[in-house]
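Reader: I'd like to practise reading a fold with you. Could we take one residue and then work outwards?

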Amino acid sequence: MNRPTLSLIAGTAALAAVTGFATLAAPDAPADAPAGAAAVLPVERTGLLCPAPSTSDIAETTYTSFTPVTKGTGSTGRTELLPAPRDASAPPAATDDDDKTDADKDADAEKDDKNDDKKDSAGKKDAKPVLTPKEPGVPVTGDVSGADAPALVATAEGRTAPGWTLQETTRVAAGAGRGLLGVTCAEPDTEFWFPGVSTAADRADYVHLTNPDDSAAVADIELYGKDGAVATTAGEGITVPPHSTEPVLLSTLTDEKLDDLTVHVNVRSGRVGAAVQALDDKLGGDWLTASADPAGSLVIPGIPKDATAVRLVVHTPGDADADLKVQLASPSGLITPAGQETLQVKGGMTTAVDLGDVTRGEAGSLVLTPAGRAVPVVAAVRVVRGKGEKQESAFIPATDPVGRRASAVANGAKNTTLSLTAPRGTAKVKVTASAGTGGGTPASQTYTIRSGTTQDVELPVPAGLKGTYALTVEPLTPVPVHAARTLTATEDGVPGFTVQTLPDDGGAVAVPNADEDLTVVQR
């Protein structure tokens, strides 16, 4: 067993190599910090990747950017938001060309040539950014209509980097996947799990892969169902060119039409951002972001209290079977849904269970814990609001705790719910509402979340609010807190909604002092 010593410089370099976007300022621990204590430093560079919001010509997308105020940053900062075009060499995800005559196809080809000429001409001009972020503490928005809203490769440096949050919020009035769709732009990674996808005839689920780097990325997409691995025909070696995005329609990877699948994206070369857009003919559409890494215990926060149907999907990546306790963290404490005392998930397989209207008009979060020995799993829920033909769906993945801090943007005065849950101890949490995009005075409030409960907290709203605002959540006690934010928008009686979880924003890193033991063990 080797025991190499990891220097501070090497550690920082390793961090930058892993994230590619997290670089640190020089250590500057507070004067009252105990000798030998690690310095908590703001990152100096953050990179985020946003998928292409929609292919609908009637989509209305708002990009929202926000950086919380952070102590210890410099006085300068910059951001860059670059469009990530789709790989022009890739085949279209889905077409109706089989139903067209040769004359129609020739006309389409001529039209495509003209459009390409226009794009080439436009490409010679500098692309106008979708938005221009301001100083920390003030959110900024940019609106784009139709199917031209781009995927983004985005970078923030200096004082705009720590805790930078970027979101796409899209409204689609009609058609498959209509409703309110929202996704928080994420950092690149090399592995992702998405429980809850489908290749059924009434669903069109796309995995969006976005490459931020100067070299091509190569990824494999695997599908797992109730009987284990699903045979795929085209999931291996998917190439994503530099600085581009590629949506992959899952139903083109297999001949089987299946619900309740789990997608595993494994990047064999490079890094990508990944998110799933699930479009349903009857239940609208939304984004499914990756589950927290496989773990023996998971939390799925912020299930809307008026949910009419909740479907839990769990996958065990390894060979061992998992026996789980399924509990609901309600406002009064942990309860077990009737008939769901335990859930068994076979190794390498995906299991789904209907929980119905499990929240029954109250705030709720699902807490999954081992019923026996701990076996790592991933999980997500699909939530439905409304009844009959007036229904809308959204997804909530299992998520990591808030950690030091997390933010959610695009909040309105009357359409926002923040859910906080503390499954393993009573916690105090500070919530700050920023100034609005058009003005207002920030406001803060502190809440106590009792152990094993979920609270939909009464939010502080900026005085004189104009536009939308950001919410920043900061736990004040060393107790894990999980959070989710719900946005709602009812149109023609359809209760549109989207839910974003709030894991740690990655805005700070603890760096050991030089006199601390930096020895690590390789196993």
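Reader: Leaving aside its neighbours within four places in sequence, which residues is serine 365 in contact with?

Author: Keep in mind that this is a predicted model. To read a residue's surroundings, skip the sequence neighbours and see what else touches it. Here serine 365 is in contact with Ile300, Pro301, Gly302, Gln327, Leu328, Ala329, Thr421 and Thr454. Take the last of those: the C-alpha atoms of serine 365 and threonine 454 are separated by 6.4 Å, though the two residues are 89 apart along the chain.

Reader: Where does serine 365 sit, and is it buried or exposed?

Author: Look at the element, then at the accessibility. Serine 365 belongs to strand 24, residues 364-370. Its relative accessible area is 1%, so it counts as buried.

Reader: And glutamate 222, how does that one count?

Author: Same two steps. Glutamate 222 lies in strand 11, which runs over residues 217-225. Its relative accessibility is 30%, so it counts as partly exposed. Glutamate 222 also helps form a negative surface patch, along with Glu187, Asp189, Glu191, Glu236, Asp293, Asp400 and Asp504.

Reader: Zooming out, how many helices and strands does the chain have?

Author: Two helices and 37 strands. Of the chain's 523 residues, 50% are buried. For the contacts, check how far apart the partners are in sequence: among those between residues at least 6 apart, 80% join residues at least 24 apart.

Reader: What about the surface, how much area does the chain expose?

Author: About 23,600 Å², with carbon and sulfur atoms supplying 49% of it.

Methods
Residues numbered from 1 in each chain as written. Predicted model: local features only at pLDDT ≥ 70, side-chain atom pairs only at ≥ 80, totals over all residues. Heavy atoms only, no water. Helix = DSSP H or I, 4+ residues; strand = E, 2+ residues; numbered from the N terminus. Buried < 20%, exposed > 50% of the residue type's maximum accessible area, 1.4 Å probe, protein only. Contact = heavy atoms within 4.5 Å. Areas by Shrake-Rupley, 256 points an atom, 1.4 Å probe, with all protein chains shown as cover. Patch = residues over 30% accessible without salt bridge, like charges linked within 9 Å, V, L, I, M, F, W, Y side chains within 5 Å. Salt bridge = Lys/Arg side-chain N within 4 Å of Asp/Glu carboxyl O. Lys, Arg positive; Asp, Glu negative; His and termini not counted. Charge placed at Lys NZ, Arg CZ, Asp CG, Glu CD.
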